[in-house]
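These are my notebook entries on a structure that is new to me. I set down what I looked up, in the order in which I looked.

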Amino acid sequence: MMKPMRIWLATAALVMVSGIAQADAPLTDERVDKFLDSMTELQPVMEQVGQRLASLPEDEQPPKLDPKSADYDPEEMADGMSDALKKVDAYSDVRRVAEDSGFDSVEELLEVQARVMMGFMAATQEAMMENPNVPEEARKQMAAQFGGIADKVSDNDKAVLKRNQKKIMEFMQAQQQNSPQ
């Protein structure tokens, strides 16, 4: 798997393992643009955060969130991730990235990150489930892993992410081309 995709998936996994919230502000094209602008600076920080979190004793790690659970949503996720950043002394690093990218707070950046990642996972799941060439066993594994995550992504978020899909994919491709393999 190529490094940028691994980073996106690692970030998604970090989102699922930790817990990320900001006030219930809708996802907008502007917020997606700010998030994409932040990613070059945010990715190495989040890789370090993931390593630091993994090094914590099990009883000090943030609770794992299950995408199948009823409370798996971006608002819940942002608060937990913010607390986890403080625990591993990375809050100020992410605050710098948030401010440089035009976000009002770390929590706003993390909430947008969670919405984009959840939407990305939901779109991937939906595409896989609708593709007649995907084996039934793979569909069952996807359903078991992510449940009905698509149902947890708001119609607004889906619309914003669909409008920005090309931009997001171009960003990921550019990151892939610019990163050492």
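**Entry 1. A salt bridge between H5 and H7**

I began with arginine 115, which forms a salt bridge with aspartate 157; their closest N and O atoms are 2.7 Å apart. Arginine 115 belongs to helix H5 and aspartate 157 to helix H7 (residues 155–163), so this pair ties together parts that are 42 residues apart in sequence. I then asked whether arginine 115 and aspartate 157 are buried or exposed. Both of these residues are buried. I note here that the model is a predicted one.

**Entry 2. The whole chain**

Next I looked up the overall make-up of the chain. The protein chain has eight helices and zero strands. Read from the N terminus, its elements run α-α-α-α-α-α-α-α. Of its 181 residues, 45% count as buried. The structure holds 10 salt bridges.

**Entry 3. Other salt bridges**

I recalled the general point that side chains of opposite charge can pair when their charged atoms come close.

I turned to arginine 31, which forms a salt bridge with glutamate 108, with 3.4 Å between the closest N and O atoms. Arginine 31 sits in helix H2 (residues 29–55) and glutamate 108 in helix H5, so the pair ties together parts that are 77 residues apart in sequence. How accessible is arginine 31? I found a relative accessible area of 7%, so arginine 31 is buried. Glutamate 108 is buried as well, because its relative accessible area is 8%, and the cut-off for buried is under 20%.

I then looked up which residues are linked in a network of salt bridges. The network consists of Arg31, Glu108, Glu111, Arg115 and Asp157. Both pairs recorded so far, arginine 31 with glutamate 108 and arginine 115 with aspartate 157, have their residues in this network.

For a further pair I went to helix H8 (residues 165–178), where glutamate 170 and lysine 166 both lie, four residues apart, about one turn of the helix. Glutamate 170 forms a salt bridge with lysine 166, the closest N and O atoms being 3.9 Å apart. Glutamate 170 has a relative accessible area of 41% and is therefore partly exposed. Lysine 166 is at 61% relative accessibility, so it counts as exposed.

**Entry 4. H3 against H5**

I next examined how helices pack on H5. The axes of helix H3 (residues 74–87) and helix H5 (residues 106–130) come within 8 Å, and they cross at roughly 125°. The two helices, H3 and H5, are therefore oblique to each other. Their crossing, that of H3 and H5, is right-handed.

Which residues of H3 meet H5? I listed Pro74, Glu75, Met77, Ala78, Met81, Ser82 and Leu85 on the H3 side. On the H5 side they meet Val106, Glu107, Leu110, Glu111, Ala114, Arg115 and Met118. Sorted by class, the contact of H3 with H5 has nine nonpolar, one polar and four charged residues. Glu111 and Arg115 appear in this contact and also in the salt-bridge network.

**Entry 5. H4 against H5**

The axes of helix H4 (residues 91–100) and H5 also come within 8 Å, crossing at roughly 80°. H4 and H5 are therefore roughly perpendicular to each other. From H4, Tyr91, Val94, Arg95, Val97 and Ala98 meet Val106, Glu107 and Leu109 in H5. By class I recorded six nonpolar, no polar and two charged residues in the contact of H4 with H5. Val106 and Glu107 are listed here and in the contact with H3.

**Entry 6. The loop between H3 and H4**

I paused at aspartate 89, which lies in the loop between H3 and H4. The phi of aspartate 89 is near 60°, a positive value in a residue other than glycine. Aspartate 89 counts as exposed because its relative accessibility is 62%.

**Entry 7. H2 against H8**

Last, I asked at what angle H2 and H8 pack. The angle is about 15°, and the axes of H2 and H8 are 11 Å apart. H2 and H8 are therefore roughly parallel to each other. The crossing of H2 and H8 is right-handed. Val32, Asp33, Leu36, Met39, Thr40 and Gln43 in H2 meet Lys167, Ile168, Phe171 and Gln175 in H8. By class, I noted five nonpolar, three polar and two charged residues in the contact of H2 with H8.

Terms used. Residues numbered from 1 in each chain as written. Predicted model: local features only at pLDDT ≥ 70, side-chain atom pairs only at ≥ 80, totals over all residues. Heavy atoms only, no water. Axes fitted to C-alpha atoms, helices over the stretch in contact; angles between N-to-C directions. Parallel < 35°, antiparallel > 145°, perpendicular 65-115°, else oblique. Left-handed = near helix turned anticlockwise from the far one by under 90°. Contact = heavy atoms within 4.5 Å. Nonpolar A, V, L, I, M, F, W, Y, C, P; charged D, E, K, R; others polar. Salt bridge = Lys/Arg side-chain N within 4 Å of Asp/Glu carboxyl O. Buried < 20%, exposed > 50% of the residue type's maximum accessible area, 1.4 Å probe, protein only.
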